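I'm opening a fresh notebook page for this structure. I'll jot down what I look up as I go, in plain words.

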Amino acid sequence: MSEAIIINNNLSKQEKYQELIPQLSALVEIETDLTANLANISAALHQTFGWLWVGFYMIKDNELVLAPFQGPVACTRIKYGRGVCGTAWKEKKSLLVPNVEQFHGHIACSSLSVAEIVVPIFDKKDEVAGVLDVDSERFDVLDETDVLFLEKINILITTLL
Ligand code: SME
């Protein structure tokens with residue numbers, strides 16, 4: 001099959017996710033390597049939504065370690081409870097941060113990022129295995145619709161772990 005992701009640019013955000021998710025499912029079901037699949041998921045999200053940064057941190061040796069992403073160079077390791085990523089891991093829940101300056105302890109990998117969403121990835125035992133992180137240069141882009149659909153994408157990722 002073709003590896004291309006095709007999304008109509010005229011669709012609403014919700015419709016774009018509804019077109020994207022079945023294509024992501026088809027893309028990852030033909031590959032067993034986790035890194036390859038996370039790389040394509042980050043690329044597909046970046047291509048569809050054009051965010052500043054989108055990618056993964058996965059837990060290794062009790063730290064979040066940078067994994068496949070699209071966007072500028074980023075911090076490589078984040079401790080439990082630190083930043084938005086480490087807090088989402090600790091609290092085992094998605095965090096929508098409309099203004100990063102108002103999140104105490106936010107880790108500024110890029111000074112261009114003003115808003116962020118972090119969604120935990122759960123393994124099959126319901127333990128946090130990593131996080132999906134999205135950063136935006138704009139205040140008006142990330143919202144609860146993104147949280148809802150990024151959580152659906154992370155449920156897909158659970159099946160790959
Ligand atoms: N801002 C994140 C760090 C990761 S980068 O944004 C890619 C945080 O506060 O955890």
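Is Glu-91 buried, exposed or partly exposed? I looked it up, bearing in mind that this is a predicted model. Glu-91 has 42% relative accessibility, so it counts as partly exposed, given that buried means under 20% and exposed means over 50%.

**Entry: the partner of Glu-91**

I then checked what Glu-91 pairs with. It forms a salt bridge with Lys-93, and the closest N and O atoms are 3.6 Å apart. Lys-93 comes out at 44% relative accessibility, so I wrote it down as partly exposed too.

**Entry: other salt bridges**

How many salt bridges does a search of the whole structure find? I got seven. My reminder to myself: side chains of opposite charge can pair when their charged atoms come close.

Asp-143 and Lys-13 make one of these bridges through their side chains, at 3.1 Å from N to O. This pair links distant parts of the chain, 130 residues apart: Lys-13 sits in helix α1, while Asp-143 sits in the loop between β6 (128-136) and α4. I looked up how open each one is. Asp-143 is partly exposed at 31% relative accessibility, and Lys-13 is partly exposed at 23%. There is also a network here, since salt bridges link Lys-13, Asp-143 and Asp-146.

Next I went to Glu-63, whose side chain meets that of Arg-77 in a salt bridge of 3.0 Å, N to O. Glu-63 is in strand β2 (residues 63-70) and Arg-77 is in strand β3 (residues 77-79), so this pair ties together parts that are 14 residues apart in sequence. Glu-63 is buried, with a relative accessible area of 16%.

**Entry: helix α1**

Lys-13 made me curious about its helix. Helix α1 covers residues 13-29, which is 17 residues. From its first C-alpha to its last it reaches 24 Å, close to the 24 Å expected at 1.5 Å a residue.

Which residues of α1 are buried? My list reads Lys-16, Tyr-17, Leu-20, Ile-21, Leu-24, Leu-27 and Val-28. I also checked what these buried residues pack against, and found α2 (34-49) and α4 (144-158).

**Entry: the ligand**

I moved on to the ligand, which has 13 residues around it. Val-84, Cys-85, Ile-107, Glu-116 and Asp-135 come nearest.

Then I went through some polar atoms. A backbone N or O atom of Cys-85 lies 2.8 Å from a ligand oxygen atom. In the side chain of His-106, an N or O atom is 3.4 Å from a nitrogen atom of the ligand. For Asp-133, an N or O atom in the side chain is 3.4 Å from an oxygen atom of the ligand. How much of the ligand's accessible area does the protein cover? I noted 98% of the 300 Å² that the ligand has on its own.

**Entry: the loop between β4 and β5**

His-106 is found in the loop between β4 and β5, so I stayed there for a bit.

- The side chains of His-106 and Glu-116 are joined by a polar contact of 3.2 Å. Apart from neighbours within four places in sequence, His-106 is in contact with Gly-83, Val-84, Val-100 and Glu-116.
- Ser-113 lies in the loop between β4 (95-97) and β5 (115-122). It is buried, with a relative accessible area of 7%. Apart from neighbours within four places in sequence, Ser-113 touches Leu-52, Val-100, Asp-135 and Ser-136.
- Cys-109 has its place in the loop between β4 and β5 as well. It counts as partly exposed at 35% relative accessibility. Leaving out neighbours within four places in sequence, its contacts are Tyr-57, Ala-74 and Cys-75. I also looked up its separation from Ile-5, 104 residues away along the chain: the two C-alpha atoms are 28 Å apart.

**Entry: two phi angles**

Last lookup of the day. Most residues other than glycine have a negative phi. Asp-61 is not a glycine, yet its phi is positive, about 50°. Asp-61 sits in the loop between β1 (53-60) and β2, and it is exposed with a relative accessible area of 76%. Asp-126 also isn't a glycine and has a positive phi, of about 70°. I found Asp-126 in the loop between β5 and β6.

Conventions:
Residues are numbered from 1 along each chain as its sequence is written. This is a predicted model: local features need pLDDT of at least 70, side-chain atom pairs count only at pLDDT 80 or more; totals for chains, interfaces and linings use all residues. Side-chain values use heavy atoms; hydrogens and water are left out. Helices (H or I, at least four residues) and strands (E, at least two) are DSSP runs, numbered from the N terminus. The expected span of a helix is 1.5 Å times one less than its number of residues. Buried means under 20% relative accessible area, exposed over 50%, partly exposed in between (1.4 Å probe, protein chains only). Contact means heavy atoms within 4.5 Å. A salt bridge is a side-chain nitrogen of Lys or Arg within 4 Å of a carboxyl oxygen of Asp or Glu. A residue is near a molecule or strand if one of its heavy atoms lies within 4 Å of it. A polar contact is a pair of N or O atoms within 3.5 Å; within protein, one must be able to donate a hydrogen and the other to accept it, and residues adjacent in sequence count only if both atoms are side-chain atoms. Accessible areas come from the Shrake-Rupley method with a 1.4 Å probe; for residues, only the protein chains shown count as cover.
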